[in-house]
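Subject: Structure handover

Hello,

Here is the structure you will be taking over. My notes on what was found in it follow below.

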Amino acid sequence: MSRFTALTENAHEKLSASTGVLLTNLGTPQAPTAAALRPYLKQFLSDPRVVEIPRLVWMIILHGIILRVRPAKSAKLYESIWMEGGSPLLVHSQNQRDKLAAQLTEQGFNANVKLAMRYGEPDMAKVLQEFQQEGIRNVVVLPLYPQYSGPTTGSTFDAVSRELNKWRFVPQLHFINSYHDHELYIQALANSIAADFEQHGMPDKLILSYHGMPKQFFDNGDPYYCLCMKTSRLVVEKLGLSKEQYQTCFQSRFGKAEWLKPYTDATLTELAEQGVKNVAVVCPAFSSDCLETLEEMMHENKDVFMEAGGEQYRYIAALNDNPDHIDMMVDLVKPYL
Ligand SMILES: C=CC1=C(C)c2cc3[nH]c(cc4nc(cc5[nH]c(cc1n2)c(C)c5CCC(=O)O)C(CCC(=O)O)=C4C)c(C)c3C=C
Ligand SMILES: [Fe+2]
Ligand SMILES: [Fe+2]
C-alpha cells in the first residue's frame with residue numbers, strides 16, 4: 001500500500017470546483033464526566049505546543065498526577081455549564097458553522113463549510129479526509145482564535161499539515177493565522193460591549209480578560225501578548241474609552257510557572273479594594289463561550305470581585321453566532337473562495 005492517500009485512483013472527474021472552509025476551535029470533552037475528560041486532557045496536554053516542559057519529566061507529571069486528579073475536578077465544572085446539545089463550545093461552534101455556510105450560500109459562493117476540533121471530536125484529520133473524498137482542491141482553514149498563539153493557532157497548523165503530509169494531491173491551502181486587528185472583529189466586539197453599556201449603564205471599568213499563557217512563551221517570541229494588547233487598544237479606541245476606563249488582564253492559569261500578567265483574579269481583587277464597585281467583563285480571545293468564560297469568568301471571578309467588596313459584575317457574552325461575527329468570518333474567507 002502507498003504511503004500517500006488520494007481520492008481514488010484515476011477519479012479525477014470527481015474533482016470538485018467548490019472550496020472547503022474548515023472552521024476550527026480547541027476542542028472539548030464528549031461528556032461532562034471524568035471518563036470523557038481523561039482522553040481529552042491527555043491529548044490536549046500532551047501537545048508540545050501547549051506544555052513545553054521537557055518530555056520525559058512532563059509525561060511523568062501528566063500521567064502520574066494530573067490525569068489522576070484533574071479529570072474529576074474538570075468534569076464537575078463542565079457539568080455546571082453543559083447545554084442540552086452538549087458542551088457550549090461545541091454547540092456555539094456548530095451554530096457558527098451552519099450560519100457561515102448559510103451566509104456564503106446566500107452571497108452566491110460555492111463553499112463546503114465544516115467544523116473540526118484540534119483535540120477530540122470532530123477530529124481534524126477525519127474532517128480533512130472528508131474534503132479529500134469529496135474531491136476538494138482548495139481548502140481555507142480558519143482557526144477561531146482571534147490572536148495568534150503557538151499553543152492554539154500554531155498547534156492547529158501542526159495538525160493540518162500532519163494530515164496533508166499524507167496526501168498525494170496536496171490542495172491549495174489558505175491558513176488564516178490571526179485576525180486580532182480585523183476591522184469587522186473589532187467592530188463586532190465594540191458593538192456587543194456598547195450594547196451592554198446601553199442596557200446596563202457605564203461600568204466603572206471595562207475588564208478585557210484574555211486566556212493566559214506561560215510568560216516563558218512570550219519571552220521566547222510568541223506574539224500573543226502583543227496581539228491581545230493591540231485588540232484592546234483598537235476596541236477601546238472604537239468605544240472612545242480613556243485609559244482609566246479599562247484594564248487588560250489574563251485568566252485561566254494552569255500550573256505553577258509565571259503566566260502573562262496582570263492576572264484577572266488579582267486585578268479584580270485589587271480594583272475592588274481600591275473602591276471600584278461596578279465592572280463589565282469581556283473575553284476577546286474566546287470566539288465562543290466555553291468553560292473558561294461561562295464557569296471561570298461568569299461565576300468564579302464574579303465571586304472573587306464581590307468578596308473583595310465589588311457590587312456589580314457583568315459578563316458580556318462571547319461573539320458566538322452574532323450576525324456581525326458571522327459577517328467577519330465571511331470577510332476573512334471570501335478572498336480565497
Ligand atoms: C496547559 C497550558 C495551557 C495553555 C498554554 C493554554 C492556552 C490557551 N487556551 C486557549 C483557549 C481555551 N482553553 C480552554 C481550556 C483549557 N486550557 C487549558 C490549558 C492551557 N491553555 C486547560 C487545561 C483547559 C481545560 C479545562 C480544564 O480542565 O480546566 C478552552 C475551553 C475548552 C472548553 O471545552 O470549553 C479554551 C477555548 C487559548 C486561546 C490559549 C492561548 C493563549
Ligand atoms: Fe486553554
Ligand atoms: Fe479555567
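**The ligand and its surroundings**

In this predicted model, ligand 1 is surrounded by 23 residues, the closest being T28, S74, H211, C290 and L291. Three elements each give two or more residues to this shell: α2 (55-81), α5 (150-164) and α10 (291-307). Sorted by class, the shell holds 14 nonpolar, seven polar and two charged residues.

**Two domains**

The protein chain is divided into domain 1, which covers 12-179 + 324-336, and domain 2, which covers 183-316. Their centres, taken over C-alpha atoms, are separated by 24 Å. Where does ligand 1 lie with respect to the two domains? Both domain 1 and domain 2 give residues to the shell around ligand 1, so the ligand lies between them.

The domains also touch each other: 23 residues of domain 1 are in contact with 22 residues of domain 2. On the side of domain 1 that touches domain 2, the elements giving two or more residues are α2, α3 (88-106), α5 and α11 (323-333). The largest share of that side, five residues, comes from α11. By class, the residues on that side of domain 1 are 11 nonpolar, nine polar and three charged.

**The nonpolar core**

The largest nonpolar core has 78 residues. Those with the most contacts inside this core are V21, L22, L23, L142, V279, V281 and V282. Strand β2 (residues 111-119) supplies the largest share of the core, six residues. Domain 1 and domain 2 both give residues to this core, so the core, too, lies between them.

L142 can serve as an example. Leaving aside neighbours within four places in sequence, L142 is in contact with V21, L22, L23, I176, M329, L332 and V333.

**The annotated positions**

Under "binding site", an unreviewed UniProt entry lists H211 and E292. These two are spread over 82 residues of sequence but cluster in space, with a largest C-alpha distance of 8.1 Å.

H211 lies in strand β5 (residues 205-211), and E292 lies in helix α10. Are these residues buried or exposed? H211 is buried, with 27 other C-beta atoms within 10 Å. E292 is buried as well, with 21 other C-beta atoms within 10 Å.

Not counting residues up to four places away in sequence, H211 touches Q251, S252, A285, F286 and E292. On that basis E292 touches H211, Q251, S252, F286 and M297.

Regards

Terms used. Residues numbered from 1 in each chain as written. Chains lettered and ligands numbered in written order. Predicted model: local features only at pLDDT ≥ 70, side-chain atom pairs only at ≥ 80, totals over all residues. Near = placed C-beta within 6 Å. Helix = DSSP H or I, 4+ residues; strand = E, 2+ residues; numbered from the N terminus. Nonpolar A, V, L, I, M, F, W, Y, C, P; charged D, E, K, R; others polar. Domains from an automatic or database assignment. Contact = placed C-beta atoms within 7 Å. Core = buried A, V, L, I, M, F, W, Y, C linked by C-beta atoms within 7 Å. Buried ≥ 20, exposed ≤ 12 C-beta atoms within 10 Å, placed from the backbone. UniProt positions renumbered as here; feature names shortened; annotations may be inferred.
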